[in-house]
Amino acid sequence: QVQLVESGGGLVQAGGSLRLSCALSGRTFSSYAVGWFRQAPGKERWFVAAISGSGSSTYYADSVKGRFTISRDNAKNTVYLQMNSLKPEDTAVYYCAADEVSRVPDDYDYWGQGTQVTVSS
């Protein structure tokens, strides 16, 4: 069983930055790719970024490319999402998920509980 716990969400003004963390426990951390997804009220869950198990490959949604950076520290069993130049439209609950690397939420078996990110204008 794999457990994921997100942290780092909060309220920030437009143009500001936040760093989300996703801590994994239960299995060999480097075996799993990790994805970040977000879900705004009344909307579907959308892909944000993903990173391979080794950290050598990263993937981004076009809407966050150049502003967000995904990384991982396998020694700490943690994946990070650095979010810069935040916009009000980035407001959502952010979830991390672990499994094979994919942009599709249904391809992930393991999910965290989510962390709220609110960007004020």
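In the predicted model, N77 counts as partly exposed, because its relative accessibility is 27% and therefore lies between the limits for buried, under 20%, and exposed, over 50%. This residue is found in the loop between strands β7 and β8, and its backbone is marked by a phi near 55°, a positive value in a residue other than glycine. As a rule, most residues other than glycine have a negative phi. A positive phi also occurs at S85, where the angle is about 50° although the residue is not a glycine. S85 lies in the loop between β8 and β9, and with a relative accessibility of 40% this serine, too, counts as partly exposed.

The chain contains 1 disulfide. This bond is formed by C22 and C96, whose sulfur atoms are placed 2.1 Å apart. The two cysteines belong to distant parts of the chain, since C22 sits in strand β3, which covers residues 18-25, while C96 sits in strand β9, which covers residues 92-99, and 74 residues separate the pair. The torsion about the S-S bond is about 70°, and the disulfide is therefore right-handed. Both partners are shielded from the surroundings of the chain: C22 has a relative accessibility of 0% and so counts as buried, and C96 is likewise buried, with a relative accessible area of 0%.

Turning to the packing of nonpolar side chains, the largest nonpolar core is made up of 35 residues, and those with the most contacts inside it are W36, L81, M83 and Y94. Two or more residues of this core are given by each of the strands β3, β4 (33-39), β5 (45-51), β7 (68-73), β8 (78-83), β9 and β11 (115-120). The contacts of Y94 may serve as an example of this packing. When residues up to four places away in sequence are not counted, Y94 touches three of the residues just named, W36, L81 and M83, and its other partners are E6, L20, F37, R38, V48, F68, G114, T115 and V117.

The largest pocket holds about 170 Å³ of space. Its lining is formed by R38, A40, K43, E44, W46, F47, A61, S63, E89, T91 and A92, and when these residues are sorted by class, 5 are nonpolar, 2 are polar and 4 are charged. R38 takes part in two of the features described here, as it lines the pocket and is also touched by Y94.

The loop between β5 and β6 (58-60) includes S52, and G53 lies in the loop between these strands as well. S52 counts as buried because its relative accessibility is 13%, which is under 20%, and G53 counts as buried at 12%. Leaving aside neighbours within four places in sequence, S52 is in contact with A33, S57 and R72, whereas the contacts of G53 are with S30, Y32, A33, R72 and N74. A33 and R72 therefore appear in the lists of both residues, a contact being defined by heavy atoms within 4.5 Å. G53 and S30 are 23 residues apart in sequence, yet their C-alpha atoms are 4.7 Å apart in space.

T58 is found in strand β6 and is partly exposed, with a relative accessible area of 36%. Residues up to four places away in sequence not being counted, T58 touches A50, I51 and I70. The C-alpha atoms of T58 and S71, which are 13 residues apart along the chain, are separated by 8.1 Å.

E100, finally, lies in the loop between β9 and β10 (110-111). This glutamate is exposed, because its relative accessible area of 57% is over the limit of 50%. Leaving aside its neighbours within four places in sequence, E100 is in contact with A33 and Y108; A33 is also a contact of S52 and of G53. Between E100 and S57, which are 43 residues apart in sequence, the distance from C-alpha to C-alpha is 12 Å.

Key
Residues are numbered from 1 along each chain as its sequence is written. This is a predicted model: local features need pLDDT of at least 70, side-chain atom pairs count only at pLDDT 80 or more; totals for chains, interfaces and linings use all residues. Side-chain values use heavy atoms; hydrogens and water are left out. A disulfide is a pair of cysteine sulfur atoms within 2.5 Å. Helices (H or I, at least four residues) and strands (E, at least two) are DSSP runs, numbered from the N terminus. Buried means under 20% relative accessible area, exposed over 50%, partly exposed in between (1.4 Å probe, protein chains only). A nonpolar core is a set of buried Ala, Val, Leu, Ile, Met, Phe, Trp, Tyr and Cys residues joined through side-chain atoms within 4.5 Å. On a 1 Å grid over the protein atoms alone, a cavity is a set of points where a 1.4 Å probe fits but cannot get out, and a pocket is an open set with protein on both sides within 12 Å along at least five of seven lines; lining residues have an atom within 4 Å of a point. Grid points are joined across faces, edges and corners, and a volume is the space filled by probe spheres set on the points. Ala, Val, Leu, Ile, Met, Phe, Trp, Tyr, Cys and Pro count as nonpolar, Asp, Glu, Lys and Arg as charged, and the others, Gly among them, as polar.
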